Amino acid sequence: MKKPAIIIVLFIFSFLTLSAQKPYIISVKGKIPSSQSGVTLAHEHLLVDFIGAENYSHSRWKEDEAFNKILPFLREAKEAGVQTLFDCTPNYLGRDAKLLLRLSKAGNVNIITNTGLYGGSDNKYLPAYAFTESAEQLSQRWIIEFEKGIDGTSVRPGFMKISVNPGPLSDISKKLITAAAITHKATGLTIASHTGPAIPALEQIEILKQQGVRADAFIWVHAQNEEQDQKFVDIARSGAWVSLDGVNEENIQWYADVLSLLKKENLLHHVLISHDAGWFDPGKPDGGTFRPFTTIFKKLIPALKQAGFTQREIDQLLITNPAAAYSVSLRII
Ligand SMILES: [Zn+2]
């Protein structure tokens, strides 16, 4: 090999090695450097089917009908500045990798989907195998999706979405968070857990610790359902991500107050905000009423500015934090 050729090869090699070390997220279209994820909605839904695992089937919705209903809302979010959206609909609740890929391309928004199982709502959305298999066996299914793609597509999950019951953890909820810990150690995927109150959040963080997984691999989803604001402070301080993901027209002042509290405690760098909005519901005529993904931009940001938030702090909530929370990396004790 001639000298210039060797230099070029070395250059390409070092470039690839260096770029491999940079933080990244995994969208339905493939890997993206986390630094390019831009304004991000950390918890939304494009399609949700509440029929339950027993009668669940993708044949319950027509892809074109769902696509045509969802796309304008995705485009509206894009116009508001959204570049990346985490679709938190789990398997057996309407996760449709093929549809998400099509929407991501047409709407020019990064969409990230997930692996995992949803154990909330009295286990209505858990398939039969979830009750009989061990945590190791469940994690094996999730790791296979991470390695090979979802439902025969090339789409890989960019995070885990699980859900537990709202009180002290049941045995099956403990199994799901344990399976998530095992999967994290094999993949580096972040664990977003639909949880609600602080008690089961703290129990999950403890199980992760026992499994050797750090708290910052865990997103406490629907933290706004906890009644004591002090718990947001305590859990953010533990290192976990506090996801206040239910922004709507009616609760703007509550969000401004709680975010001001977390800012005062120097904990804004552990907080995520989103709407938990959307979605096409196959169980309703014409997919039901779709809640848009724009209230944060139209209502919350002006309220935060009113409360003294700087642009940098707003960018922290909508750009820096989701990129850090969802970057694929091992977070092991
Ligand atoms: Zn949700």
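**Exercise 1. In which kind of crossing does H8 pass H9, left-handed or right-handed?**

Before we start: this is a predicted model, with pLDDT of at least 70 needed for local features and 80 or more for side-chain atom pairs, while totals for chains, interfaces and linings use all residues. Numbering starts from 1 along each chain as its sequence is written, and side-chain values use heavy atoms, leaving out hydrogens and water.

*Solution.*
- Find the helices: H8 covers residues 229–237 and H9 covers residues 252–264. Helices here are DSSP runs of H or I with at least four residues, strands are E runs of at least two, and both are numbered from the N terminus.
- Take the geometry: H8 and H9 pack at about 45°, axes 10 Å apart. Axes are lines fitted to C-alpha atoms, for helices over the stretch in contact, and angles run from 0 to 180 degrees between N-to-C directions.
- Name the angle: H8 is therefore oblique to H9, since under 35 degrees is roughly parallel, over 145 roughly antiparallel, 65 to 115 roughly perpendicular and the rest oblique.
- Now the hand: H8 passes H9 in a right-handed crossing, meaning the near helix is turned clockwise from the far one by less than a right angle (anticlockwise would be left-handed).

**Exercise 2. Work out the strand order of the open sheet.**

*Solution.*
- Its 6 strands go S6-S7-S8-S9-S10-S11, with parallel pairing; a pair needs at least two DSSP bridges.
- At the edges sit S6 (114–115) and S11 (271–273), each pairing on one side only.
- Zoom in on S7 (159–163) and S8 (191–194): 4 bridges join them, and Lys 161 stands opposite Ala 192 in S8.

Terms used
Contact = heavy atoms within 4.5 Å.
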